Amino acid sequence: MSGTAHAANHAPRIRRDPSVESRYRVDAVSRQTNADDEKKARLAAALRENLKRRKAQARARRAEEAPAQEPAPQAQADSKRS
């Protein structure tokens, strides 16, 4: 029971090929990058849509306020001077 019995109790060591490991790492990083790119694109599109909506709301508010802020017609302004 010296060296042979001791070696039989342990699983053999498996050498890992570093090139295989790095390939999996690169795939994981590229998947992460693709997901990040897709997320950035979705957020940018949502931001553009939000900006368009806010601009349309602002234009509508200005259009509603414009008739209320119009100056008095010229005929009424002249009669006040006399």
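What follows is a short dialogue on reading this predicted model.

Reader: Before I trust anything here, what is the mean pLDDT of the protein chain?

Author: Confidence first, good habit. The mean pLDDT of the protein chain is 76, with 56% of its residues at 70 or more.

Reader: Which elements have the lowest and the highest mean pLDDT?

Author: Go element by element for that. Helix H1, residues 3-8, sits at the bottom with 54, and helix H2, residues 18-65, is at the top with 87.

Reader: How many helices and strands are there in the protein chain?

Author: Three helices and zero strands. Walk along the sequence and you get α-α-α.

Reader: What share of the residues counts as buried?

Author: For burial, look at relative accessible area, with under 20% as the cut-off. Of the 82 residues here, 0% count as buried. The accessible surface of the protein chain is about 8,200 Å², and carbon and sulfur atoms account for 54% of that.

Reader: How many salt bridges does a search of the whole structure find?

Author: Just look for close N and O atoms in charged side chains, within 4 Å. The search turns up one: lysine 52 with glutamate 49, closest N and O atoms 3.8 Å apart. Both residues lie in helix H2, three residues apart, or about one turn of the helix.

Reader: Is lysine 52 buried or exposed?

Author: Exposed, because its relative accessible area is 54% and the cut-off is over 50%.

Conventions. Residues are numbered from 1 along each chain as its sequence is written. This is a predicted model: local features need pLDDT of at least 70, side-chain atom pairs count only at pLDDT 80 or more; totals for chains, interfaces and linings use all residues. Side-chain values use heavy atoms; hydrogens and water are left out. pLDDT is the predictor's confidence in each residue, from 0 to 100. Helices (H or I, at least four residues) and strands (E, at least two) are DSSP runs, numbered from the N terminus. Buried means under 20% relative accessible area, exposed over 50%, partly exposed in between (1.4 Å probe, protein chains only). Accessible areas come from the Shrake-Rupley method with a 1.4 Å probe; for residues, only the protein chains shown count as cover.
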